[in-house]
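User: I am new to this entry and would like to see how its labels are reached. Please show it, then take my questions in turn.

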Amino acid sequence: MGDLCNLESIDLSHNNFNGKVFEISSGCISHKLKTIDLSGNLFSGPIPVSLGKLSALEVLKLGENKLNGSLPESLGSLSNLQSLNISNNLFEGVVSEVHFVNLTNFLYLKASENSLSLRVNPDWILPFHLTHLELGSWNLGSPQFPTWLKSQKEIKVIDLSNTGISESIPIWFLNLSTFFDYINLCENQISGEIPSIPYIHAIRLCSNKFKGPIPSISFIVFELDLSNNSLSGDISEFLCHSNSDSRAVTILRLGRNLLSRNIPDCWIYYPSLRVIDLSNNNLTGAIPISMGSLYRLTSLHLRNNSLSGEIPSSLRNCRRLLVLDLGLNKFVGSIPNWVGIRLPNLMILIIRSNKLTDHIPLELCCLTSLQIFDAANNNLSGTIPRCFNNFSQMTTQNKLGGKSISYYSNYFLLLESAIVVTKGREDKYDKILRLVTSLDLSNNSLFEEIPKQLTSLQGLWSLNLSRNHLRVSIPDQISNMSSLETLDLSRNKLSGNIPSSISSLTFLSHLNLSYNNLSREIPLGTQLQTFDNSSFIGNQLCGPPLTKNCNGKNNTTHKGTEHGEGLNDEEEYWFRLGIVMGFVVGFVGIIVPLLVCRIWRRAYYWFWQDYMWFKIVGWFIDFKNMLRI
């Protein structure tokens, strides 16, 4: 390759190449090559020191690989280098002024998601003027904002997320530029109040220790993430100040704060909104009607507040909704029929822990894209709709289209997330959210049987129908649900035996059938005997893992032991039938004639009084005389 004298660019990006990065140490190419793009592959090992000899190199992209080791100091000799991307690798070690000493044309550094440490003099004056700086997850060596940034007056993008900063935002930091494209300071320990946000297109200050009210923002803000702080107060002033011009915000994340009072009714000023997260606050009142004007809305999180009233019909206009999480509030009324008709793209519907009543509308069966449906802890009644087998995302075992649900912006990738309750705990899913399928109708007043149509959900990962009034038996076809990892049917009125086919659910890691009316032997198999006794208590079951043996003994004698094969199900059935028939024949043949025929009764009385009594007395006297001898 060194003899390709006219080669100026190498682009092998976004393939599956692996191995070490090739070396170019000699030849005429080292004076011509301007661009190397190897990003999005599986390259490993260190960056070759010889790359420092490519004197004409302007762009070096090595991001999203598995490169490791430390950064070679030879990179500091690339005097024409303008752009360097080494993000999302496994680099470690120390980076110092030496790595930048001759980079006088340097503009763009993207190096987040590595384990690198920056060790420079606090008074270091950079030999270049950056427009783009991403050092997320670096160790900056100090809890203060790096003062060497003060000289960077042309910077537009700054990412210092997860870098250990703990001081409040200094005034000089926001005055670095009159116009920012993107600032990310998430996952630090920054405290104090958030200052007024200047002209910034996208700002992320999530997961810090900010307090006080939400600051005013400029009308050019597209994306605002202030989630997971301690911000408090009313959000009306922030959202509904006097100027009635439309806002450009597309992503608004204010979840996990201490915000209170009602959600204001001024959403008509935000026609571009796609994502709203107000979850985990102290908001009260009803969902405002104007939220129905957000025609582009794809994600609405209002979980864990104190919202009340009915689910407003105006939300039927938000036809692009993919995620609707209204769980852990105080909503009343029934589940609206229009949810299944007017929100055809819905993938996640969470309404758990409210005060919803009435039956589950059949219209929900139209939601063929639904993969998570959580209506637990309500007052729902009626039967489980048989048409739930229309949830095609729950019937598909091999899901295509990636693992996550994400929203792309000009500056960052936002992953959708959902809280799924399984095995008695709450788990948050984001990176593999598209692979999660869950149906939770627990702790309601549902009755009748478990519809066998439900067993066609072959792609369902978690099923919880516990704490209802379901009866009859567990469907024999439950083995069709081959993807099940967690199954909870506890505290119902299910009867009959446990289907033997359930032992073929090889992925099952959590099972709870406790407190029903199940009986007979627990099916033998490689799976069921691995569960704890608590999975089966409160029934009339026997066999391992329970200590109660099906022969009525508390030992472990099973079929096929040294005492023989024992009875199979058919033999046991005829054995019990024979006992019953013998009792019936004896009762009809002896007792009934005595009750009906007077002559038989007299003869029977004479037989016992005048014959058998003297016989018994005679036998007793003879036995007593024998003892005396």
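Analyst: What follows is a set of questions and answers on disulfides, burial and the largest pocket. This is a predicted model, in which local features need pLDDT of at least 70 and side-chain atom pairs count only at pLDDT 80 or more, while totals for chains, interfaces and linings use all residues. Residues are numbered from 1 along each chain as its sequence is written, and side-chain values use heavy atoms, with hydrogens and water left out.

User: What makes Cys-542 and Cys-550 a disulfide?

Analyst: A disulfide is a pair of cysteine sulfur atoms within 2.5 Å. The sulfur atoms of Cys-542 and Cys-550 are 2.1 Å apart, so the pair meets the definition. The torsion about their S-S bond is about 100°, so this disulfide is right-handed.

User: Why is Cys-542 called buried and Cys-550 partly exposed?

Analyst: Buried means under 20% relative accessible area, exposed over 50%, and partly exposed in between (1.4 Å probe, protein chains only). Cys-542 has 9% and therefore counts as buried. Cys-550 has 37%, so the label is partly exposed.

User: How do you know that Cys-366 is in no disulfide?

Analyst: The nearest cysteine sulfur, that of Cys-365, is 7.1 Å away. Cys-366 is partly exposed, at 47% relative accessible area, whereas Cys-365 is buried, at 4%.

User: Which cysteine does Cys-365 pair with?

Analyst: Cys-365 is joined to Cys-387, with an S to S distance of 1.9 Å. Cys-365 lies in the loop between strand S28 (355–358) and strand S29 (372–374), and Cys-387 in the loop between strand S30 (379–382) and helix H4 (392–395), so the disulfide ties together parts that are 22 residues apart in sequence. Helices (H or I, at least four residues) and strands (E, at least two) are DSSP runs, numbered from the N terminus.

User: What makes the largest pocket a pocket and not a cavity?

Analyst: On a 1 Å grid over the protein atoms alone, a cavity is a set of points where a 1.4 Å probe fits but cannot get out, and a pocket is an open set with protein on both sides within 12 Å along at least five of seven lines. About 1,400 Å³ of space lies in the largest pocket, a volume being the space filled by probe spheres set on grid points joined across faces, edges and corners.

User: What counts as its lining?

Analyst: Lining residues have an atom within 4 Å of a point. The largest pocket has 39 of them, and Glu-113, Arg-204, Phe-412, Leu-413 and Leu-415 lie nearest its centre. Strand S32 gives the most, with three residues.
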